[in-house]
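Colleague: I have a few labels to query. Can you take me through the reasoning behind them?

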Amino acid sequence: MKRIILVCGLIGGLISCLWWAFGEPMVSDNVTFNTRMIFGYVSILLGFSLIFVGVKSYRDNYSAGIISFGKAIKIALLITLVASTFYTLAWMINYYFFIPDFGAKLMASMRSQLIAEGASKAEIQKEMTAIAEYMEQYKNPLFNAMMTYMEILPVGIIVSIIASLILKKNPKSISDNQ
């Protein structure tokens, strides 16, 4: 079980990082922050598809085709934790060593988006002040890690519940189908 959790969690975490590691640097500055977020969450969902793989692999290979919801959710949540931790650590390395100007880039992108949407100068200034305050907090590694976990963990929890509900098989339900 540990091997399945580690392998699926690490691969899932790696897949979750693919957008900001490879796709993000290739897009032009004309792509909005919201569009970039959509691509990011799609890569996170793809990464969390390994939850299904891990739970199904355990059920079929180590549990004689039977798995309770409780056991499935335990495996799924542990895969989520490993993938989320990988994602968070990779993001922090990326943020602190490779894109220390992330805050400035975010502010420039948001400013352009607000201007394109026709926001007033007062609205733009208010938003820029809020982002600047957030980015100041974001420099703290604990705050940064907490916010990064909050970005990915809820998605993993939802996928874990869905996977566990879909993949659970009790002995009674197997004998009923025969």
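Colleague: Which residues have the most contacts inside the largest nonpolar core?

Modeller: Bear in mind that this is a predicted model. Phe48, Ile51, Val55, Ile75 and Trp91 have the most contacts inside the largest nonpolar core, which has 39 residues. Helices H1 (2-23), H2 (33-62), H3, H4 (102-116), H5 and H6 each supply at least two residues of this core. H3 gives the most, with 10 residues.

Colleague: What does Phe48 touch, beyond residues up to four places away in sequence?

Modeller: Phe48 touches Thr80, Ala83, Ser84, Ile152, Val155, Gly156 and Val159.

Colleague: Now the rings. Why is the pair of Tyr95 and Tyr138 called edge-to-face?

Modeller: The ring centres are 5.1 Å apart. The cut-off for a pair is 6.5 Å, so the two rings count as paired. The planes stand at 90°. Edge-to-face needs an angle over 60 degrees, so the label fits. The whole structure has 10 aromatic pairs.

Colleague: Why do you say that the pair of Tyr95 and Tyr138 ties together parts that are apart in sequence?

Modeller: Tyr95 lies in helix H3 (residues 69-98) and Tyr138 in helix H5 (residues 121-138), so the pair ties together parts 43 residues apart in sequence. Both Tyr95 and Tyr138 are buried.

Colleague: What makes Tyr134 and Phe143 an edge-to-face pair?

Modeller: Tyr134 and Phe143 are 5.7 Å apart, centre to centre, with 70° between the planes. The distance is within 6.5 Å and the angle is over 60 degrees, so this pair is edge-to-face. Tyr134 and Phe143 also belong to one aromatic cluster, together with Trp91, Tyr95, Tyr96, Phe102 and Tyr138.

Colleague: Are Tyr134 and Phe143 buried or exposed, and how do you know?

Modeller: Phe143 has a relative accessible area of 18%. Buried means under 20%, so Phe143 is buried. Tyr134 has 30%. That value falls between 20% and 50%, so Tyr134 is partly exposed.

Colleague: Where is Phe143, and what does Phe143 touch?

Modeller: Phe143 is in helix H6. Not counting residues up to four places away in sequence, Phe143 touches Tyr134, Gln137 and Tyr138.

Colleague: Why are H5 and H6 called roughly perpendicular?

Modeller: The axes of H5 and H6 (residues 141-167) cross at roughly 110° and come within 7 Å. Angles of 65 to 115 degrees count as roughly perpendicular, so H5 and H6 earn the term. At the contact, Tyr134, Gln137 and Tyr138 in H5 meet Phe143, Asn144, Met147 and Thr148 in H6. These residues divide into four nonpolar, three polar and no charged.

Colleague: What makes Phe69 partly exposed?

Modeller: Phe69 has a relative accessible area of 32%. That lies between 20% and 50%, so partly exposed is the right class. Phe69 sits in helix H3. Leaving aside neighbours within four places in sequence, Phe69 is in contact with Ile161, Ser164, Leu165 and Lys168.

Colleague: Last one. Why is Ala64 called exposed?

Modeller: Ala64 has a relative accessible area of 68%. Exposed means over 50%, so the term applies to Ala64. Ala64 is in the loop between H2 and H3.

Colleague: What is the phi of Ala64?

Modeller: Ala64 has a positive phi of about 55°, although it is not a glycine. Most residues other than glycine have a negative phi.

Notes. Residues are numbered from 1 along each chain as its sequence is written. This is a predicted model: local features need pLDDT of at least 70, side-chain atom pairs count only at pLDDT 80 or more; totals for chains, interfaces and linings use all residues. Side-chain values use heavy atoms; hydrogens and water are left out. Rings of Phe, Tyr and Trp (its six-membered ring) pair if their centres lie within 6.5 Å; planes under 30 degrees apart count as stacked, over 60 as edge-to-face and the rest as tilted. Helices (H or I, at least four residues) and strands (E, at least two) are DSSP runs, numbered from the N terminus. Buried means under 20% relative accessible area, exposed over 50%, partly exposed in between (1.4 Å probe, protein chains only). Axes are lines fitted to C-alpha atoms, for helices over the stretch in contact, and angles run from 0 to 180 degrees between N-to-C directions. Angles under 35 degrees count as roughly parallel, over 145 as roughly antiparallel, 65 to 115 as roughly perpendicular and the rest as oblique. Contact means heavy atoms within 4.5 Å. Ala, Val, Leu, Ile, Met, Phe, Trp, Tyr, Cys and Pro count as nonpolar, Asp, Glu, Lys and Arg as charged, and the others, Gly among them, as polar. A nonpolar core is a set of buried Ala, Val, Leu, Ile, Met, Phe, Trp, Tyr and Cys residues joined through side-chain atoms within 4.5 Å.
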